[in-house]
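Please study the sequence and the model below before reading on. The paragraphs that follow lead from a pocket to the interior and then to a single helix.

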Amino acid sequence: MNWALFFAFLSGAILGLMNVFDTYIVKLKVKNVIGFAMVSAFTNILFGIILALFLDWSNYSLSNYLFPIIAGLVMGIQLFFYYFMLSKHDASHAIGLFYIYPIIVAILSFLFLNEQLSFYGYIGMAFTLIGVLLLSGRMKKMKVNFAFWSLAIVIIGASLHEFFAKVAVNQINPWHGATINSIVMGWFAIVLLFKEKYRNGFKSEFKNVKLTFISELLTLAGILSIYLAMVGLPATIVSVVSVVQPLFVLFFEWVAFSFGIKIVKDINWKNKLFAIVMIIIGLILLYFNDII
């Protein structure tokens, strides 16, 4: 069994479940999205520290921590702008464009890591990304003038995070890298506490800290899965496989809908069938790239 490919899929499933749970929280439980994001960031730090206590750090020097630190910092900035978009009325209409970030990962990996896919790999990448964009189903609603730079920062941030995660696993164990990533990502929230409006939001949402235990446990598991996948696969393939999150989101939304949790109005698989087929074909072609 190709465990790296398994962890790439697992990261998509975990982060997809996290997205559905976050949607449930934002729609039904939380009033101040940015304030809740800051509470979540502190929970990330807590989980990272707990995990760090179970790991042996004696074989590493400070220089080994550089790239996981950069990856964590980039992800912290990216998440802030992601939550900023969620706090805007029509921000979610452009979230589908977020899933083009594997293209940037592929370019960075080609230029700096000398990664090259086979012909099947690039075709599979194209099929998968087109399917994911169609599945998100929001591009036609996009308004160009709605915080465009925030979206650009989110896309570039996701790309740089996975690129630096790949560089990091060449120097440090993925468990250690993911731990540093998680802690540094959370510390970014401390900067926001210097502003009174964010401080007030943090205080008002701290009552929901228990919800962050589930959300951030999923976040840490998703990050760890990405790092474990990076050990045995090119960064480009990990990014493309893990970006099929919308497929898992659709499945988990259907499960929630079946249990009467109304975070979506309806689940229409028939209208999304073409996009799902595109994703499956793309993933099969990527698998061929991996074994050829």
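What volume does the second largest pocket have? In this predicted model, the volume of the second largest pocket is about 160 Å³. Ten residues line this pocket, and V20, F252, V255, A256 and I261 are the closest to its centre. Two helices, α1 (3–28) and α11 (245–258), each supply at least two residues of the lining. The greatest contribution to the lining comes from α1, with four residues. In character, the lining of the second largest pocket consists of ten nonpolar residues, with no polar and no charged ones. Such spaces can be found because rolling a probe the size of a water molecule over the atoms shows where empty space is left.

The next topic is the nonpolar interior. The largest nonpolar core has 57 residues, and within this core Y101, Y227, L233 and V241 have the most contacts. Helix α6 (residues 148–169) provides the largest share of this core, namely ten residues. Separate from it is a second core of eleven residues, among them V39, A41, F188 and V209.

Helix α8 (residues 196–205) shows how burial can be arranged along one element. Which residues of α8 are buried? They are Y198, G201, F202 and E205. Seen down the axis of α8, these buried residues fall within an arc of 100°, and therefore they line one face of the helix. On the other side of α8, E196 and K203 are exposed. An α-helix has 3.6 residues a turn, so residues three or four places apart point the same way.

Conventions: Residues numbered from 1 in each chain as written. Predicted model: local features only at pLDDT ≥ 70, side-chain atom pairs only at ≥ 80, totals over all residues. Heavy atoms only, no water. 1 Å grid on protein atoms, 1.4 Å probe; cavity = no way out; pocket = protein on both sides within 12 Å on 5 of 7 lines; lining within 4 Å. Points joined across faces, edges and corners; volume = space filled by probe spheres on them. Nonpolar A, V, L, I, M, F, W, Y, C, P; charged D, E, K, R; others polar. Core = buried A, V, L, I, M, F, W, Y, C linked by side-chain atoms within 4.5 Å. Buried < 20%, exposed > 50% of the residue type's maximum accessible area, 1.4 Å probe, protein only. Arc of directions from axis to C-beta.
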